[in-house]
Structures are given as structure tokens and as C-alpha cells.
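Student: I have a model open and I keep tripping over the labels people attach to it. Can we go through them one by one?

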Amino acid sequence: MKTHQPLLMALLAMLLGFTLPTQAQSDSVEIDEEIFVVVEQDPTFPGGYDGLAKFLSENIKYPELAKANGITGKVFVQFTVEKDGSVSNIKLIRDIGGGCGQEVIRVVQLMPKWNPGMQQGKPVRTSFTLPVAFDLVADEVEEKHGFFYRLFHRKS
């Protein structure tokens, strides 16, 4: 048994030697990968709110099932805007049915890179919740006259 003791000690030392740096690295990665909910500067879509509204109106198609059943309302989707502006971790928070939630997820996956959220002057991973309204009347007006007609001809 004494002949195996140096070998066991060497193996134990190797294991401990490799485990400690790995643990320290994973701790720093965990801190670095924190997803912020509140930041000093919110992430923004290229072109701001107008750019986001235009992108959504050009890409979202009212699902036929929702149209046929008169489904209207707001879908809420949450996602992470990464440090490089890409979108990840897309989750449906509230769905109204009829394929509307799946349509919003599809369109969010198409989004270009955002301007990331900033904390202490550095880009950070930021959680973002986006409400998307499905309105049959507005959709019909938009189909007939275009998105910007609807924006500038709203009833107060």
C-alpha cells in the first residue's frame, strides 16, 4: 500500500491543481455573463422606436388562424440583447393564441443586431421585454394604405 501512496498523492495534487483554476474561471465567467434587467443605458434597435416599429410592420404577418377567429391583443416576448447586439434566449411571456406568439418569435429571430445596453460605459447582456399588438382593424388599414398611413392617421 505504501508504494501506491506517492502515486495517489500525485493524482490528488493533479486533480486539485486542475480543479482550482477551473473553478476560479467559472466564477469569473458567471459574473461576466450576468443578464441585467435595469441598466444605465437601455439597448436600442437600429433606428430607435421608429426603426423597430417599421421592422415589425414589414415582417409580422397576421396569422390566418388568428384572423379567422378574430383574435386580437398583445403578445409579450422577452429576450436577451447580448454584448455584441445579437438577440438570444427568446421566450414567449404572454400569448393570445392563433399562432400570434409563434409569429412574434419568428420575427424576433430575424432582427438585426441591436445597440447593446450599457453599464458603467461597457456593453452588457440585457433582458428586454417587447409587447407586440395584433389588431385586425389596424391590420386591414395597413394592408390597404401602408404602415405609415396608420401611424399618422390615428384617432386620438
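Tutor: Sure, what follows is a run through the labels, each set against its cut-off. Keep in mind that this is a predicted model.

Student: Overall picture to begin with: how many helices and strands does the protein chain have?

Tutor: The protein chain has six helices and five strands. From the N terminus on, they run α-β-α-α-β-β-α-β-β-α-α. Of the 156 residues, 29% count as buried. And among contacts between residues at least 6 apart in sequence, 74% join residues at least 24 apart.

Student: Why is Val81 called buried?

Tutor: Buried means under 20% relative accessible area. Val81 has 0% relative accessibility, so the label applies. This residue lies in strand β2.

Student: Leaving aside neighbours within four places in sequence, what is Val81 in contact with?

Tutor: Pro43, Ser86, Trp114, Pro116, Val124, Arg125, Thr126 and Phe128. Take Pro116: it is 35 residues from Val81 along the chain, yet their C-alpha atoms are separated by 6.2 Å.

Student: What makes Arg106 partly exposed?

Tutor: Partly exposed covers what falls between the 20% and 50% limits. Arg106 comes in at 33% relative accessibility, so partly exposed is the right term. Arg106 lies in helix α4, and beyond its neighbours within four places in sequence it is in contact with Asn59 and Lys61.

Student: And why is Gln120 called exposed?

Tutor: Exposed means over 50%, and Gln120 has a relative accessible area of 66%, so it qualifies. You'll find Gln120 in the loop between β4 (117-119) and β5 (122-134).

Student: What is the sign of phi at Gln120?

Tutor: Positive: phi of Gln120 is near 55°, in a residue other than glycine. Asn89 also has a positive phi, near 50°, and is again a residue other than glycine. Asn89 is found in strand β3 (residues 87-94). With 39% relative accessibility, Asn89 counts as partly exposed.

Student: Now the helix pair. Why are α2 and α4 called oblique?

Tutor: Two packed helices are described by the angle between their axes and the distance between the axes. For α2 and α4 the angle is about 120°, with the axes 10 Å apart. Roughly perpendicular runs from 65 to 115 degrees and roughly antiparallel is over 145. The angle of about 120° sits in neither range, nor is it under 35 degrees, so α2 and α4 are oblique to each other.

Student: Which residues make the contact?

Tutor: Phe55, Leu56 and Asn59 of α2, and Glu103, Arg106, Val107 and Leu110 of α4. By class, that contact has four nonpolar, one polar and two charged residues. As for handedness, α2 passes α4 in a right-handed crossing.

Student: Leu56 sits in that list. Which residues have the most contacts inside the largest nonpolar core?

Tutor: Leu56, Phe79, Val104, Met111, Trp114, Leu130 and Phe134, in a core of 24 residues. The elements that give two or more residues to this core are α2 (48-59), β2 (73-81), α4 (100-110) and β5.

Student: How do you know that Leu56 is in contact with Leu130?

Tutor: Contact means heavy atoms within 4.5 Å. Leaving aside its neighbours within four places in sequence, Leu56 is in contact with Val107, Met111, Leu130 and Val132.

Note on methods. Residues numbered from 1 in each chain as written. Predicted model: local features only at pLDDT ≥ 70, side-chain atom pairs only at ≥ 80, totals over all residues. Heavy atoms only, no water. Helix = DSSP H or I, 4+ residues; strand = E, 2+ residues; numbered from the N terminus. Buried < 20%, exposed > 50% of the residue type's maximum accessible area, 1.4 Å probe, protein only. Core = buried A, V, L, I, M, F, W, Y, C linked by side-chain atoms within 4.5 Å. Axes fitted to C-alpha atoms, helices over the stretch in contact; angles between N-to-C directions. Left-handed = near helix turned anticlockwise from the far one by under 90°. Nonpolar A, V, L, I, M, F, W, Y, C, P; charged D, E, K, R; others polar.
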